[in-house]
Amino acid sequence: MSADRIAYRKGLHEIAEGVHAWLAPYGGWGLSNAGLIEGAGSTLLVDTLFDLPMTREMLAAMAPVTERSPLRHAVNTHANGDHCYGNALLPAGTVIHAGPHFDEDLHEVPPALLAQLMTAELGPVLGPYLRRNFGAYTFADIPVRGADETVTAPTTLEVGGRAVEVLPLGPAHTRGDVVVWVPDARTLFAGDLLFIGGTPMIWSGPVENWIAACDRMLALDPVTVVPGHGPVTGPDGIRQVRDYLTFLHGYAVSSIAAGRTWREAAAVVDLGPYAAWGETERTVANLYCAYQSLDPATAPITLLELLTAMAGWQRP
């Protein structure tokens, strides 16, 4: 189905025969998409959601499909909580597949940590920023469930006679990004290698790897692409993200050559066409990550320091 015919409204949408997308407008912090792929008598889930109430709602909407075709496999595209904190609600027999470092990264930022941050005294800048973006979610009492199988090379899963490919493309957004490709439907679930309408977020990098991942996704020649956040798109959506990353990399290179720190570069960046995207403060973190890979002299900072820099950023 053409991407422009898929309405961007909350809920489950059949986007190709036996292929469903769970969409969560508007796609900002924590509002992530997921997917369900049905074969003959079994299904595969792509990602769970940020908390248990959200995941329950999604699984209930999928129940008419999963009751006739039980959930045998799940794939977490990466370890950010909005794509995996709901894993505890999956059937015990569902095999969870994820990329390298998934369990390490999941335990580094578990739900309990986010629950603590929602009530911690973090100052007048970071505290309100975190509560504004994450305060609507319920992080308390979420059991952490990691991966059963680690995907380190292209892997084909059989889902009721249907081939579904899990392709590792990280490190990029995180250390262990994977995408899910359904060849017979020419449909790609890109996880957070794609943000549509929102600014991509680089937690790991390097930027060059993410640009290469975009090229690999384009080489699949997909018709329909489900991003981690934002409306369903097609190859043009992949190109938009690649163009942003190319811009960011070029700007970081020129800023380093000009002797600017990443903070100074963030303070004067001209985002041009990307200024209209949501969550533009992520560009601060993206420049920090780009500098880390391009300039070994870049001093490391903590996660809270990085979040504070984003929270306090003022658009030039």
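In this predicted model, seven strands form an open sheet in the order β1-β2-β3-β4-β5-β6-β7, and their pairing is mixed. The edges of this sheet are taken by β1 (11-16) and β7 (149-150), each of which pairs on one side only. At the β7 edge, the partner is strand β6 (residues 95-98), which runs parallel to β7 and is joined to it by 2 bridges; within this pairing, H97 stands opposite E149 of β7. Helix α1 (residues 52-66) packs on the sheet, where it touches β1, β2 (19-23), β3 (34-38) and β4 (43-46), and its direction makes about 10 degrees with that of β3.

A further open sheet, again with mixed pairing, consists of 5 strands in the order β8-β9-β10-β11-β12. Because β8 (155-159) and β12 (224-229) each have a single partner strand, they stand at the edges, and one side of each is left without a neighbour in the sheet. Neighbouring strands here are turned against each other by 25 degrees on average, direction ignored. Inside this arrangement, strand β9 (residues 162-168) and strand β10 (residues 178-182) pair in the antiparallel sense over 4 bridges, with P168 standing opposite V178 in β10. Helix α5 (residues 207-219) lies across β9, β10 and β11 (187-195), and runs at about 165 degrees to β11.

From the sheets we turn to a single residue, G237, which is found in helix α6 (residues 235-257). Is G237 buried or exposed? Its relative accessibility is 1%, and since buried means under 20%, G237 counts as buried. When its neighbours within four places in sequence are left aside, G237 is in contact with L194 and I196. By comparison along the chain, A276 lies 39 residues from G237, and the C-alpha atoms of the two are separated by 15 Å.

The last element to consider is a pair of helices, α8 (residues 282-294) and α9 (residues 303-311), whose axes come within 7 Å and cross at roughly 135 degrees. Angles over 145 degrees would count as roughly antiparallel and those from 65 to 115 as roughly perpendicular, and α8 and α9 are therefore oblique to each other. The crossing in which α8 passes α9 is right-handed. On the α8 side the contact involves R282, V284, A285 and Y288, which meet L306, A309 and M310 in α9; sorted by class, the residues of this contact comprise 6 nonpolar, no polar and 1 charged.

Conventions
Residues numbered from 1 in each chain as written. Predicted model: local features only at pLDDT ≥ 70, side-chain atom pairs only at ≥ 80, totals over all residues. Heavy atoms only, no water. Pairing = 2+ DSSP bridges. Axes fitted to C-alpha atoms, helices over the stretch in contact; angles between N-to-C directions. Contact = heavy atoms within 4.5 Å. Parallel < 35°, antiparallel > 145°, perpendicular 65-115°, else oblique. Left-handed = near helix turned anticlockwise from the far one by under 90°. Nonpolar A, V, L, I, M, F, W, Y, C, P; charged D, E, K, R; others polar. Buried < 20%, exposed > 50% of the residue type's maximum accessible area, 1.4 Å probe, protein only.
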